[in-house]
Amino acid sequence: FLVCSENKTLSADYEPSLPVSEKSNPLTCDIDRASAYSIVKMLQVCDSQMFQKEAGTTYQRLLSDQVLKTLMEVAKRVEVIIKDPQESCVVMSGCGTSGRLAFLISSGFNKALSQLNQSEVYSYIIAGGDRALLSSQEAPEDDPRLGVLSLKKVCEGKKRVLFIGISCGLSAPFVAGQLDFCLQHPEVYTPVLVGFNPAHQARDEPIQDCTFTFHSVVQRMQELAKSQKAFLINPAVGPEAISGSSRMKGGSATKILLEVAFSAAHAATSSNTPITHNGVLQHMMEYERTLAVTYSQPDGITTLVEAAGESLRCSRHVYYLGWGSLALLGLIDASECSPTFGADYEDVRGFIRGGYRELNNNDGPLTSLGPKFSIAHEDFLHLILPCLTDTDTVLLIYTHSGETALCLVREKTPNLHAVYHQADGDTAASLQQDDIKKLCLSTLKITWPQEALVSGTLQHMQRELSTKLVLNAVSTGAHVLKGKIYQNHMIDLQVTNTKLYRRATRLLQKLSTCPEEKCEEALLKAIYRVDMLTLEMTSSDITTHTCFARNSTKVKR
């Protein structure tokens, strides 16, 4: 059934007007009516599509030979920069989830270099700046000039830059502007594009005040790719479980691809051995095993989905308390709930041990921006704990937990759960968990096989991906149970940029079967809250519409 559905979703006649990343997935068409357990199983099958082999389709896949070869070439460029970091850097940039993962990945690999007393070479850019790490900042995605300014700032004084632009749908103007700038300055920049649509499905819509489209940028990169002066990494991973929600498979595949390339470069540098096709393939296969290990416990994940769903249905909250980079994944997951499900920032929140000291982001502490930017465990104890009730869900996320006031949390709510990772046969770690188990209503232990050939760095990255999959399931499943999804479409969010405006129009067209013009007219009436549109309204561009919608709290799809 999975293969049949996959062939259907990637065939030219299935939702032919939509790129792969925007199609609805037949595997989840009735997820809105599913039980928590069925939701988890649907997400498992949907995630497994990432690693499906090519089956009668012209689209590249994650394990396609060309994708692996391109990863090798990118890894070689990274290796050169690591060995000669003077006036060189690797810059990753993206919007929303893509930018947050750029931050996560750059932080992890810079730490690895620092531990070896080597120069840090990775930088990140996120549309909207560091505040976008923790809250939705949709408007900057449409601003290519802002993208260029951000890139220039990060790369000031650099003579060699490997720029990696991440746009899951090959659509973000912010990233398109940066890629265009790189193409204009080949003496400094080597551009890499990461996304999950075939090149011909890149958005071919005019970008305000620009002479290029994302599609035309991709065409130029394709030409330069022949001489390895630019690189495209754009395997199709199949439609998202929730249509268009690229925080899920798009985010996971982004993490996999970049970590495989960077890990290969680091390994080659430290061992002074060449980067090989087989090495890259084996690393990819380890990530495939991560899915199997994570989803081997559907009952445990279901318990978390049910608990979180019940809290949201009661108009209460879900809190992630985490340690290290796993806590960062909690922050990321929580920040994505508002733009995806129209959730209030208080509905799902993440907290990290050490706060901004642990986060170590470019702009430092952001607490002055408001309560939603209070992210330390201490903030949870001072701001959240006094108001905690037994209908709130608290989820601990860790590999090795530190001290925390768990007893105080347990006094406020029995709805305390834990997700933790442990190597198979690690009896000492099992003993350490006993006290926490006694306090928790449920514990999800993700057990990893002891593998001498798997490095500690790879183990940690696998655990990060596993945590991401679990948290995506918890927050998505909880909002599905709350009623935030119709069939498998997002139906409760603001139309705050071009991408969402077009998606809203398409959804209205699909659900109503009315012509596109009528659907866009209905959307504009909802945005401007009128029964009759004026000439000024109908003649304005999409940017004007989305700016107006952005300032209204009840403009929903």
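Which residue of β7 does Y320 stand opposite? In this predicted model, the partner of Y320 is G350. Their setting is the pairing of β6 (residues 318–322) with β7, which runs in the parallel sense over five bridges.

Zooming out, those strands belong to an open sheet of five, ordered β7-β6-β8-β9-β10, with parallel pairing. At the edges sit β7 (348–352) and β10 (442–448), and each of these pairs on one side only. From one strand to the next, the twist averages 15°.

Two of the helices that pack on this sheet are set out here.

| Helix | Residues | Strands touched | Angle with β7 direction |
|---|---|---|---|
| α11 | 324–341 | β6, β7, β8 (393–398), β9 (416–423) | about 155° |
| α13 | 377–384 | β6, β7, β8 | about 130° |

Now for the record: an unreviewed UniProt entry carries the annotation "domain: SIS" over residues 78–271 and 308–484. Over residues 78–271, the chain is 43% helix and 14% strand, and the end C-alpha atoms lie 15 Å apart.

Helix α7 (residues 214–225) is worth a look too. With twelve residues at 1.5 Å a residue, α7 should span 16 Å, and its end C-alpha atoms are indeed 16 Å apart, so the two agree. Which residues of α7 are buried? They are F214, H215, V217, V218 and M221. These cover an arc of only 155° around the axis, so they end up on the same side of α7. The general rule is that an α-helix has 3.6 residues a turn, so residues three or four places apart point the same way. As for what they meet, the buried residues of α7 pack against α6 (173–184), β4 (189–194) and β5 (231–233).

Terms used. Residues are numbered from 1 along each chain as its sequence is written. This is a predicted model: local features need pLDDT of at least 70, side-chain atom pairs count only at pLDDT 80 or more; totals for chains, interfaces and linings use all residues. Side-chain values use heavy atoms; hydrogens and water are left out. UniProt positions are given in the numbering used here, feature names are shortened, and annotations may be inferred rather than shown by experiment. Helices (H or I, at least four residues) and strands (E, at least two) are DSSP runs, numbered from the N terminus. Two strands pair if DSSP finds at least two bridges between them. Axes are lines fitted to C-alpha atoms, for helices over the stretch in contact, and angles run from 0 to 180 degrees between N-to-C directions. Contact means heavy atoms within 4.5 Å. The expected span of a helix is 1.5 Å times one less than its number of residues. Buried means under 20% relative accessible area, exposed over 50%, partly exposed in between (1.4 Å probe, protein chains only). The arc is that of the directions from the helix axis to the C-beta atoms.
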